[in-house]
Amino acid sequence: MKDIKTRTALVTGASRGIGAAIAERLAADGFNLVVNYASSEAAALKVVDKIGSAGGRAIAVQANLSDVSATKRLFDAAEAEFGGVDVLVNNAGIMKLAPLSQTDDALFDSQVATNFKGTFNALREAANRLRNGGTIVNLSTSVVGLKLETYGIYAATKAGVETMTAILAKELRGRQITVNAVAPGPTATQLFLNGKPQEIVDRMSKMAPLERLGTPEDIANVIAFLTGPDGAWVNGQTLRANGGII
Ligand code: NDP
């Protein structure tokens, strides 16, 4: 069924953090990799080099997911290099926190543009272009459940992602394509750590009963389950991976 040899995975926002860990893991599992980034070219090329050194095949492709034509070009580049795309991991995302009353238009628009519109742009391409038998995984967040103060717009964009996930899974009936979301809890990456006082990082690290932050590899393991043969029967779901925080 889900034979991963010679199949191609496209991971958005794979220049660092969770996306880089996913790209490296899927390459180790046998996929050809398309490592997407928006501006961090050097970091993306390092991920490609690491995959190459480990015996895998990967290319880096610049595309800002909030841009429709750039997203189309990303899929064009993947198809030109590898002949087609089997797996899309919609990982690119940004997080900007503020109480709703202090959320300016730029903060709102940028998160909607990348997290919601960007995910939609890639989902639409994937729905039309993914090879039958493929897999789509979208990154959400456990904050959709936790509903913490200041996370309002960010969590709302991801709630939209979870809704699109479940509906697209149904719309792809007959194509043998699964569509799921993975919702991490606090995970040790730039997105979570940057700008947070150490005391908040420490407090949030202890929120889950497993009493630590997630690692990018923890999340990559869950994605690998969904993109590999063992996850083939999971479809239309949001899988929270957060050490038990909610
Ligand atoms: P990072 O900030 O570490 O990495 C984000 C990646 O996304 C970078 O590679 C960045 O590349 C890329 N990116 C950002 N905007 C765009 C865009 N418009 N188009 C293409 N690429 C883009 O984030 P994480 O690894 O922490 O997060 C990955 C995903 O996991 C996100 O969707 C996030 O919401 C989600 N998540 C993270 C959690 C955490 O605690 N870390 C918890 C729950 C969910 P470049 O620098 O080139 O822009």
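**Exercise 1. In this predicted model, find which residues leucine 33 is in contact with, leaving aside its neighbours within four places in sequence, and place leucine 33 in its core.**

Solution.
- Start with the contacts: leucine 33 touches Ala9, Val11, Ala23, Leu26, Ala27, Ile51, Arg57, Ala58, Ile59 and Phe82, once neighbours within four places in sequence are set aside.
- Next, look at the largest nonpolar core, which has 31 residues; Leu33, together with Ile22 and Leu26, touches the most other members.
- Now ask which elements build this core: two or more residues each come from β1 (8–11), α1, β2 (32–37), α2 (41–53), β4 (87–90), β5 and α9 (216–227).
- Among these, α1 gives the most, with seven residues.
- A separate core of 25 residues lies apart from this one, and its members include Ala78, Leu130, Ala169 and Val179.
- As background, nonpolar side chains tend to be buried together in soluble globular proteins.

**Exercise 2. Work out whether the end-to-end distance of helix α1 (residues 17–28) agrees or disagrees with its 12 residues, then list its buried residues.**

Solution.
- Take 1.5 Å a residue and count one less than the number of residues; for the 12 residues of α1 the span should be 16 Å.
- Compare this with the model: the end C-alpha atoms of α1 are 17 Å apart, which agrees.
- For burial, pick residues under 20% relative accessible area: in α1 these include Ile18, Gly19, Ala20, Ala21, Ile22, Ala23, Leu26 and Ala27.
- Finally, step just past the helix, where glycine 30 has a positive phi of about 115°.

**Exercise 3. Explain why strand β6 (residues 178–184) is described as largely enclosed, and identify its partner strands.**

Solution.
- Begin with burial: seven of the seven β6 residues are buried, so the strand is largely enclosed by the rest of the structure.
- Check each face in turn. One side carries Thr178, Asn180, Val182 and Pro184, the other Val179, Ala181 and Ala183, and all are buried.
- Then find the partners. Strand β5 (residues 135–139) runs parallel to β6 and is joined to it by five bridges.
- Strand β7 (residues 238–241) also pairs with β6 in the parallel sense, over four bridges.
- Use valine 182 as a landmark: leucine 139 stands opposite it, and in β7 its bridge partner is leucine 239.

**Exercise 4. Decide whether glycine 152 is buried, partly exposed or exposed.**

Solution.
- Locate the residue: glycine 152 lies in helix α6 (residues 152–171).
- Apply the cut-offs of 20% and 50%: with 33% relative accessibility, glycine 152 counts as partly exposed.
- For orientation, its C-alpha atom is 9.7 Å from that of lysine 96, 56 residues apart along the chain.

Technical notes
Residues are numbered from 1 along each chain as its sequence is written. This is a predicted model: local features need pLDDT of at least 70, side-chain atom pairs count only at pLDDT 80 or more; totals for chains, interfaces and linings use all residues. Side-chain values use heavy atoms; hydrogens and water are left out. Buried means under 20% relative accessible area, exposed over 50%, partly exposed in between (1.4 Å probe, protein chains only). Two strands pair if DSSP finds at least two bridges between them. A nonpolar core is a set of buried Ala, Val, Leu, Ile, Met, Phe, Trp, Tyr and Cys residues joined through side-chain atoms within 4.5 Å. Contact means heavy atoms within 4.5 Å.
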